[in-house]
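Trainee: I would like to learn how to read the features of a protein model step by step. Could we go through one together?

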Amino acid sequence: GGGGGGGGGEGDEDDELLAPAMLPMSGSDADEEEEGAAAAAASEPPPAAPPPVDEDVFVTVLGEFYNWAAERKESFESDLGAAEAAFSALRLFLGEEALTEPEQLFEPLHKFLVRFDAVAKEVEDAARESARQEARQARRQAKQGPKGPGRLPNRILLDESARSQPAQRPDVTDVVAAAGGGAAGGGAAGG
């Protein structure tokens, strides 16, 4: 569209939208604006060319989106077909009716998995508690020390039994006679 309104055509709508920006200016104002525009144009890089008026950008962008969406739709439809075929094969394998919905088919499995997880958690908790109790018991035993003859080390038990019975130590002569191998000495060492 050109300067002011004009003959009826495509430019009329554009002229109406741009009319406030195209108000007539006085001669001095127009000169100052031209000088300012020339200075700004020299200091700034030229702006990107606006799209031609006859071409609508929306149609271009929408066309690109449509092509992308059409490819995605085809991909989704092929994935859906594969999932439906797999579900039908599973339904036949499990001996279910053809009208069975996925929720009905997988509900028993879901319930089992929920219960299994709950029982597994209970077992883990019980094992942890058992380990804690064993650790507490071991700490108590370590603090209290050994009690009773069943918990005494062998060395202490031997010392206790030696104290309760009088010690019978061999005489030196008995040891020499036993080492010498004499019949009379050997008999004395034994008795």
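Mentor: We will go from the whole chain to single side chains, keeping in mind throughout that this is a predicted model.

Trainee: Let us begin with the overall build: how many helices and strands are there in the chain?

Mentor: One lists the elements in order from the N terminus, and here the chain has seven helices and zero strands, so that list, by the definition of these elements, is simply α-α-α-α-α-α-α.

Trainee: And what share of the residues of the chain counts as buried?

Mentor: A residue is called buried when its relative accessible area is under 20%, and of the 191 residues of this chain 3% fall in that class. The contacts can be read beside this value: among those with a separation of 6 or more, 3% are made by residues 24 or more positions apart. The chain exposes about 16600 Å², of which carbon and sulfur atoms supply 59%.

Trainee: Which residues make a nonpolar patch on that surface?

Mentor: Phe58, Val59, Leu62, Phe65 and Trp68 make a nonpolar surface patch of about 560 Å². Tryptophan 68 belongs to helix H3, which covers residues 57-94, and with a relative accessible area of 48% this tryptophan is partly exposed.

Trainee: Two members of the patch have aromatic rings that I would like to understand; how is a pair of such rings described?

Mentor: A pair of aromatic rings is described by two values, the distance between the centres and the angle between the planes. A search of the whole structure finds three aromatic pairs, and in one of them phenylalanine 65 and tryptophan 68 have their centres 5.8 Å apart with 40 degrees between the planes, which is a tilted arrangement. These two residues are three positions apart in helix H3, and therefore about one helical turn separates them. Phenylalanine 65, at 47% relative accessibility, is partly exposed. Another pair is formed by phenylalanine 87 and phenylalanine 106, and this one is tilted because the planes stand at 50 degrees, with the centres 6.1 Å apart.

Trainee: Where in the chain do phenylalanine 87 and phenylalanine 106 lie?

Mentor: Phenylalanine 87 lies in helix H3 and phenylalanine 106 in helix H4 (residues 102-144), so that, being 19 residues apart, the pair links distant parts of the chain. Phenylalanine 87 is buried at 14% relative accessibility, whereas phenylalanine 106 is partly exposed at 35%.

Trainee: Now for charged side chains: how many salt bridges does a search of the whole structure find?

Mentor: The search finds seven salt bridges, a term that asks for a side-chain nitrogen of Lys or Arg within 4 Å of a carboxyl oxygen of Asp or Glu. In helix H3, glutamate 77 and lysine 73 are four residues apart, about one turn of the helix, and their side chains meet in a salt bridge at 2.8 Å, N to O. In helix H4, arginine 128 and glutamate 124 show the spacing of four residues, with a salt bridge of 3.7 Å. Lys121, Glu124, Asp125 and Arg128 are linked in a network of salt bridges.

Trainee: What is the nearest side chain of opposite charge to arginine 91, which has no salt bridge?

Mentor: That side chain is glutamate 101, 6.4 Å away, and arginine 91 is buried. Arginine 91 sits in helix H3, and beyond its neighbours within four places in sequence, its contacts include Glu96, Leu99 and Leu105.

Technical notes: Residues numbered from 1 in each chain as written. Predicted model: local features only at pLDDT ≥ 70, side-chain atom pairs only at ≥ 80, totals over all residues. Heavy atoms only, no water. Buried < 20%, exposed > 50% of the residue type's maximum accessible area, 1.4 Å probe, protein only. Contact = heavy atoms within 4.5 Å. Areas by Shrake-Rupley, 256 points an atom, 1.4 Å probe, with all protein chains shown as cover. Patch = residues over 30% accessible without salt bridge, like charges linked within 9 Å, V, L, I, M, F, W, Y side chains within 5 Å. Phe/Tyr/Trp six-rings, centres within 6.5 Å; stacked < 30°, edge-to-face > 60°. Lys, Arg positive; Asp, Glu negative; His and termini not counted.
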